Amino acid sequence: MLKIKIICCAVLAVCLAVTASPYQTFKMDKKNYVPFDNTTTVTVDCPDPAAVQWLAAHFAEWYGKNAPKVVAGGSQLAATEAGAINCVPPGEEAYTASTDASGAKIAARTLAGVRWAAYTLRQLVIAKRGTFKTEGWIIPALTISDRPHLAFRAVHLCWFPEVRPQQIERAIRLAALLKFNYAIIEPWGMYKSEKHPWWCWPQANMTKAEVRRLVAIGRDLGITLIPQINCYGHATSARGRSLKHSALDLHPEYEPLFEPDGWSSGWNWCLSNPETQRVLRELIAEMHENFGNPPYFHIGCDEADRQTCPDCVKTPNSELVLRHITGLAEFVRSRGARAMMWHDMLLDKKDPRWKGFTVCGDAEAPSILERLPKDIVICDWQYGDHTAKGGVRCTWPTMTYFKEQGFAVAGCPWMNDTSMKPMADHLVKIGGFGFIATTWHHLYGKDWQKMYMGAGHAAWGSPVSHGVSFQRSLRLVGHDMKVTDYLDTGYLNNQIPPAWWSN
Ligand SMILES: [Zn+2]
């Protein structure tokens with residue numbers, strides 16, 4: 001009898017998912033599926049009249065002839081009783097949603113909130129059972145009240161020559177589905193500049209038309225694309241270990257724009273050459289415009305070397321660097337946006353306060369930081385496992401320091417997923433700016449899953465998956481793109497190395 005009771009309790013626990021955090025209250029009964037198809041009415045309570053239209057259009061895209069009907073109505077926003085499940089929590093992006101046999105309800109203050117609600121429902125909708133082909137849709141009865149932990153939640157995506165454009169689109173669409181609202185795109189020699197065609201590999205496919213297409217997709221889905229140019233170090237636009245240089249290998253005539261020595265030849269831009277500032281401003285202007293003039297532009301600036309050319313060494317290194325970054329930040333500001341930059345060259349690596357944390361600057365670094373324009377967003381990347389023994393670390397001293405110096409600071413994890421939630425919690429505690437999940441050359445396989453799921457959870461303060469697998473979310477993205485190629489499914493291009501069967 002006891003055994004039966006235990007089994008019953010276990011079954012009930014599986015069917016009835018309940019989560020509660022300061023940011024999310026979620027109750028779902030998987031024993032009670034209700035229709036979510038053309039017999040269903042979804043009532044939307046949102047001051048933005050575009051919300052009903054957006055939902056109707058996307059339900060039609062996702063569910064075809066079986067799409068639920070969308071109507072405006074309800075008064076859930078007026079019901080502000082604390083703790084009530086149908087109250088929209090504080091914040092522009094907060095939402096509530098509920099489903100039962102009488103239909104579905106969504107309430108939010110903005111279209112952004114309505115989108116996040118729609119994505120939550122979409123993750124949980126499955127095909128109606130018992131037929132050969134889909135003839136309708138069902139969803140568990142649920143109620144959810146949800147709001148993000150941090151307002152700025154980004155993924156950082158690298159457009160390598162080896163990454164297919166379809167993969168970038170999948171990564172952007174999946175980021176939106178998992179409720180990130182920004183994607184920083186770093187071109188790695190793949191941006192096809194019209195003004196400076198030498199500044200990319202010959203096979204560059206990040207064209208003006210492709211960028212505009214992706215920006216439009218992002219805008220519709222609620223994710224803003226931010227361009228990046230490495231304006232100081234990493235000027236090779238190639239991984240250091242490859243010894244490639246996207247400009248100099250094929251266009252030696254541009255040698256004066258880059259430093260002759262360093263981590264690898266041409267690693268830094270030449271900061272004393274006025275042509276460097278001109279070229280970078282022209283590239284920034286072109287990319288910023290192509291990206292639809294977003295509110296931010298990332299100027300890179302990580303892992304640089306000291307300047308070495310005969311002209312650069314005539315000026316103290318910190319003065320050159322400060323003048324260069326300040327000039328670019330002012331130019332970005334003149335375009336109505338804010339510059340973002342990596343943090344590591346702004347702190348002294350010998351300072352004991354940063355022991356155990358990533359910092360790359362020398363003794364001159366603090367003099368750069370103290371004179372840097374305060375509107376620059378500092379992107380502090382920390383990839384160590386900062387989970388303390390027996391618990392999680394609650395302090396991230398570099399982030400606190402930047403905040404104390406008057407800067408907006410974003411925390412940037414990579415594959416250190418156990419550190420993501422404590423990092424986001426720390427950022428909220430210090431009034432930090434946001435969270436940027438960097439992905440680099442690991443945007444595939446289990447690493448991709450770990451980075452997206454962990455960072456989404458951290459940035460929202462509670463799970464964005466609602467018990468749904470990464471695979472299912474990824475497949476929905478593929479459906480939206482109408483993929484037909486084997487390579488555009490799953491999270492690996494191939495199941496086994498193709499060469500195994502070629503000889
Ligand atoms: Zn130089």
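How do the residues of the lining of the second largest cavity divide into nonpolar, polar and charged? Keep that in mind for a moment, and hello everyone. What you have in front of you is a predicted model, and I'd like to walk you through some of its empty spaces, its rings and a few strands.

So, to the opening question. The lining of the second largest cavity has four nonpolar residues, three polar ones and one charged. The names are Glu 186, Pro 187, Trp 188, Trp 199, Gln 228, Ile 229, Asn 230 and Ser 237. The volume of this second largest cavity is about 50 Å³.

Let's stay with one residue from that list, Trp 188. You'll find Trp 188 in the loop between β10 (182-186) and α5 (208-221). Trp 188 counts as buried, because its relative accessibility is 8%, and buried means under 20%. Now look at the backbone there. Most residues other than glycine have a negative phi. Trp 188, however, has a positive phi, near 50°.

Please hold on to that idea, as Glu 303 also has a positive phi, about 45°, without being a glycine. Glu 303 is placed in the loop between β12 (296-298) and α7 (317-334). With a relative accessibility of 22%, Glu 303 counts as partly exposed. We'll come back to Glu 303 when we reach the pockets.

Back to the cavities. How many cavities of 30 Å³ or more does the structure hold? There are three. The largest cavity has a volume of about 60 Å³. Around the largest cavity you can pick out Trp 62, Tyr 119, Arg 122, Arg 173, Leu 177, Leu 221, Val 477 and Asp 480. Three helices, α3 (111-124), α4 (165-177) and α12 (470-481), each give two or more residues to that lining. By class, the lining of the largest cavity has five nonpolar residues, three charged and no polar ones.

Now for the pockets. The largest pocket has a volume of about 660 Å³. Its lining takes in 29 residues, and those nearest the centre are Phe 160, Pro 161, Glu 162, Val 163 and His 441. In that lining, 14 residues are nonpolar, nine are polar and six are charged.

The second largest pocket holds about 380 Å³ of space. Of the 15 residues that line the second largest pocket, the ones nearest its centre are His 234, Arg 239, Glu 303, Trp 440 and His 441. So here is Glu 303 again, the residue with the positive phi. You may also recognise His 441, which was named for the largest pocket and is named for this one as well. The lining of the second largest pocket has eight nonpolar, three polar and four charged residues.

Next, the aromatic rings. The structure holds 31 aromatic pairs. One of them joins Phe 36 and Tyr 63 in an edge-to-face arrangement, at 5.8 Å centre to centre with 80° between the planes. Phe 36 sits in the loop between β2 (24-35) and β3 (41-45), while Tyr 63 is in helix α2 (residues 50-63), so to find the partners you look 27 residues apart along the chain. Both of these residues are buried. A second pair is made by Phe 180 and Tyr 452, whose ring centres are 5.8 Å apart; the planes are at 55°, so the pair is tilted. Phe 180 is in the loop between α4 and β10, and Tyr 452 is in helix α11 (residues 445-460), so this pair ties together parts that are 272 residues apart in sequence. Phe 180 counts as buried at 1% relative accessibility, and Tyr 452 is buried with a relative accessible area of 0%.

Ring pairs also link up into a cluster, whose members include Phe 36, Trp 54, Tyr 63, Tyr 95 and Trp 460. Trp 62 and Tyr 119 belong to that cluster, and both line the largest cavity. Over the face of Trp 460 lies Lys 179, at 5.7 Å from the ring centre. Elsewhere, Arg 353 lies over the face of Tyr 401, at 5.0 Å from the ring centre.

Last stop, some strands. Strand β1 (residues 16-20) pairs with β2 in the antiparallel sense, over five bridges, and Ala 17 has Met 28 in β2 as its bridge partner. The two strands form a hairpin with three residues between them. On to strand β8 (residues 137-146): nine bridges join β2 to β8, and these strands run antiparallel. Here Thr 25 has Ser 145 as its bridge partner.

Thanks for listening, and I'm happy to go back to any part of it.

Terms used. Residues are numbered from 1 along each chain as its sequence is written. This is a predicted model: local features need pLDDT of at least 70, side-chain atom pairs count only at pLDDT 80 or more; totals for chains, interfaces and linings use all residues. Side-chain values use heavy atoms; hydrogens and water are left out. On a 1 Å grid over the protein atoms alone, a cavity is a set of points where a 1.4 Å probe fits but cannot get out, and a pocket is an open set with protein on both sides within 12 Å along at least five of seven lines; lining residues have an atom within 4 Å of a point. Grid points are joined across faces, edges and corners, and a volume is the space filled by probe spheres set on the points. Helices (H or I, at least four residues) and strands (E, at least two) are DSSP runs, numbered from the N terminus. Ala, Val, Leu, Ile, Met, Phe, Trp, Tyr, Cys and Pro count as nonpolar, Asp, Glu, Lys and Arg as charged, and the others, Gly among them, as polar. Buried means under 20% relative accessible area, exposed over 50%, partly exposed in between (1.4 Å probe, protein chains only). Rings of Phe, Tyr and Trp (its six-membered ring) pair if their centres lie within 6.5 Å; planes under 30 degrees apart count as stacked, over 60 as edge-to-face and the rest as tilted. A charge sits over a ring if NZ of Lys or CZ of Arg is within 6 Å of the ring centre and within 35 degrees of the ring normal. Two strands pair if DSSP finds at least two bridges between them.
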